[in-house]
Each structure stands twice: as structure tokens, then as C-alpha cells.
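Here are my comments on the model, set out as numbered points for you to read alongside the coordinates.

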Amino acid sequence: KKNNELAVFTDVISPHSITTASLKVLFTFANYESDIPWYQHHTMVDVMKKAGYQTFWLSNQESSGIWGNVAQLFAHRSDHFAFTSFRDSREEFGTPDEALFPLLDQAQTTAGNKNFYVLHLMGGHGAYYYRYPYSFAKFQPEDIQRKENDERKLVLAQYTNALYYNDYIVSSVFDKFRDKEALVIYLPDHGETVYDDSGLAGHVEENPNRFMLEIPMIVWASPSFKEKYPEKWAAIRQAVDRPYMTDDIIHTILDLADIAPEEFDPTRSVVSPSFNADRLRMVQGQNYDTEIRPDKK
């Protein structure tokens with residue numbers, strides 16, 4: 001960030017607190033205002049293909065199963081897709097996200113003039129101790145300053161290690177595009193609550209708290225991208241404090257790529273001068289700003 005490489009957004013939430021529900025609106029034109037089902041909307045993959053982009057879906061999540069079938073749909077609509085392993089939603093084991101690096105390296109050898117990549121990380125999903133190799137076990141229960149019992153401190157330390165490892169993964173992905181004309185958007189599909197305002201460590205769809213919805217959104221630009229498109233980089237930087245919900249991310253990505261299909265709406269692009277900052281952020285029928293996060297009333 002000090003080197004003007006990152007735009008770090010400060011007020012971004014997910015429209016849902018679980019992956020399957022989030023992906024349905026992240027990768028289509030669907031949102032909570034839609035009057036038709038999500039699967040009747042065009043997908044981001046389809047639009048990028050139509051605009052001449054070669055599309056890649058690379059995943060370290062399950063390749064099938066009750067929580068994997070929505071992602072699999074988008075994967076199979078891509079020109080190229082690959083999973084780090086074959087597994088279903090019930091399996092629990094820890095393939096580190098760095099297993100995606102060889103898949104990305106291979107994808108880049110077949111890249112065209114215009115390319116759209118999706119890397120689906122495991123990130124900070126529970127069980128947290130599966131999410132990082134031993135060499136990233138930097139934090140121990142005694143490092144946790146919150147007043148919790150020993151069992152919870154252990155979980156909090158494991159979660160912190162998962163995020164520490166995730167930082168390494170994300171920064172490594174940035175580096176793999178450093179010599180290209182590229183934008184990389186880091187965007188979790190939901191957050192986690194780890195004993196925040198509850199006795200829960202994880203995420204649920206019913207009655208989510210703010211910690212399951214509040215997510216980081218970081219945009220990294222390569223040197224050649226910033227040199228060629230200074231006005232785009234300026235627009236991204238100027239947008240970092242706007243309130244945003246990521247069911248509209250398709251509009252932002254298409255805006256940055258200068259793609260405007262019939263469904264594109266500039267008021268839903270966070271980097272557009274026409275962005276509607278007054279749009280209600282509704283989650284499960286609740287207003288995030290006035291009901292889910294009371295301190296923002």
C-alpha cells in the first residue's frame with residue numbers, strides 16, 4: 001500500500017454468509033432486488049468469454065457436492081478449469097492453497113491476449129488448523145490477548161495462523177502478475193465469526209452477525225496497468241471508502257474492463273462516478289447498516 005500498489009476498501013460486505021449463496025450473486029447479475037432466479041441471469045464467465053477473454057477457473061475447494069455444485073457450474077462454463085484435488089463437500093482435509101500455484105503457472109502458459117482468472121481459495125474456512133502448513137504456525141494460544149478460555153484461545157490462534165498464511169498466498173498471486181498488464185481483486189465470499197458476540201467459530205446462513213458479512217476487498221494493479229490506465233487506478237483509489245455490497249461486483253469488474261452488456265448498470269459499479277452510495281445493503285431481509293451493525297445507525 002505504501003508503494004501505491006494496493007487499494008484497500010474499508011466498508012465492504014458480502015450479500016450472504018455462506019459460499020454457495022454468495023457465488024450465485026457474485027458471478028451473475030442477480031441481487032436481492034432481482035425478480036427472476038439467479039440461474040436465469042447471464043454469468044460473469046459468459047460475459048467475459050463473449051468479450052473475447054480466455055477464462056480460467058482454478059479451485060482449491062471441493063470439486064462436487066452440496067456446497068460445491070454452484071462453483072462447479074461456473075467452473076464448467078469456463079474455457080479452462082482445474083481443481084487441486086477431487087473431493088466432495090463432506091471431506092475434511094487440508095490441501096494448502098499454495099497447491100493452486102502450479103495450476104496458475106500452467107494456465108499462464110496457455111493465456112491469450114485477454115484473460116480472466118478466478119482462483120477459489122480455501123482461505124480462512126474452518127477447520128482452521130487445516131488451512132496452513134506447520135511452517136506458518138506462528139501464533140500460539142498464549143499470544144491471544146482476548147479474555148477467553150484455553151480451548152477458544154487455541155482456535156483463535158489457529159484462525160490467526162490461517163490468515164497469516166492467506167496473506168502469503170494473496171501476495172504471491174500478486175507477484176505472479178507483476179510483469180503483466182493486470183488487475184487482481186482479492187475478495188472473500190463471506191467472513192467468519194470467531195467467538196465475536198457469540199459462542200460460535202464459523203459461519204451460518206441463518207441470522208448472520210456482522211463478522212460473517214464484513215470482508216476485505218483489495219485491488220492490486222501491476223506497474224504496466226497503472227502506467228497504461230492511470231484514470232482507472234485513480235478511480236479505484238478514490239472509491240475505497242464507499243459503502244459496498246459485493247452482489248454488485250460483476251458491474252465493477254465489467255466497468256474496469258470497459259465491457260457494457262445490456263445488464264450493466266454504472267450505478268452499481270463502486271468505481272463509477274455514477275455509483276449509488278445510498279443503495280440499501282439488505283441481507284436476509286435485514287438492513288446491515290441499521291439492524292445487523294447497530295453502531296452504524
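1. In this predicted model, the buried residues of helix α8 are covered by a set of elements that includes the strands β1 (6-9), β6 (183-186) and β9 (217-221), together with the helices α7 (223-228) and α9 (249-256). The residues that are buried in α8, which spans residues 230-238, are K232, W233 and I236. They lie on the same side of α8, because the arc they cover around the axis is only 95°. As general background, an α-helix has 3.6 residues a turn, so residues three or four places apart point the same way.

2. A second point concerns the packing of two helices, for which the usual description is the angle between their axes and the distance between the axes. The axes of helix α1 (residues 19-26) and helix α3 (residues 69-77) come within 8 Å, and they cross at roughly 35°. On the α1 side the contact is made by T20, L23 and K24, while α3 contributes V70, A71 and F74. Sorted by class, the contact of α1 with α3 has 4 nonpolar residues, 1 polar residue and 1 charged residue.

3. Is R279, which is found in the loop between α9 and β11 (282-283), buried or exposed? R279 counts as buried, because its relative accessibility is 16% and the cut-off for buried is under 20%. The side chain of R279 makes a polar contact, at 2.8 Å, with the side chain of E33. Leaving aside residues up to four places away in sequence, R279 touches N31, Y32 and E33, as well as M245, D247, D248 and R268.

Conventions:
Residues are numbered from 1 along each chain as its sequence is written. This is a predicted model: local features need pLDDT of at least 70, side-chain atom pairs count only at pLDDT 80 or more; totals for chains, interfaces and linings use all residues. Side-chain values use heavy atoms; hydrogens and water are left out. Buried means under 20% relative accessible area, exposed over 50%, partly exposed in between (1.4 Å probe, protein chains only). Helices (H or I, at least four residues) and strands (E, at least two) are DSSP runs, numbered from the N terminus. The arc is that of the directions from the helix axis to the C-beta atoms. Contact means heavy atoms within 4.5 Å. Axes are lines fitted to C-alpha atoms, for helices over the stretch in contact, and angles run from 0 to 180 degrees between N-to-C directions. Ala, Val, Leu, Ile, Met, Phe, Trp, Tyr, Cys and Pro count as nonpolar, Asp, Glu, Lys and Arg as charged, and the others, Gly among them, as polar. A polar contact is a pair of N or O atoms within 3.5 Å; within protein, one must be able to donate a hydrogen and the other to accept it, and residues adjacent in sequence count only if both atoms are side-chain atoms.
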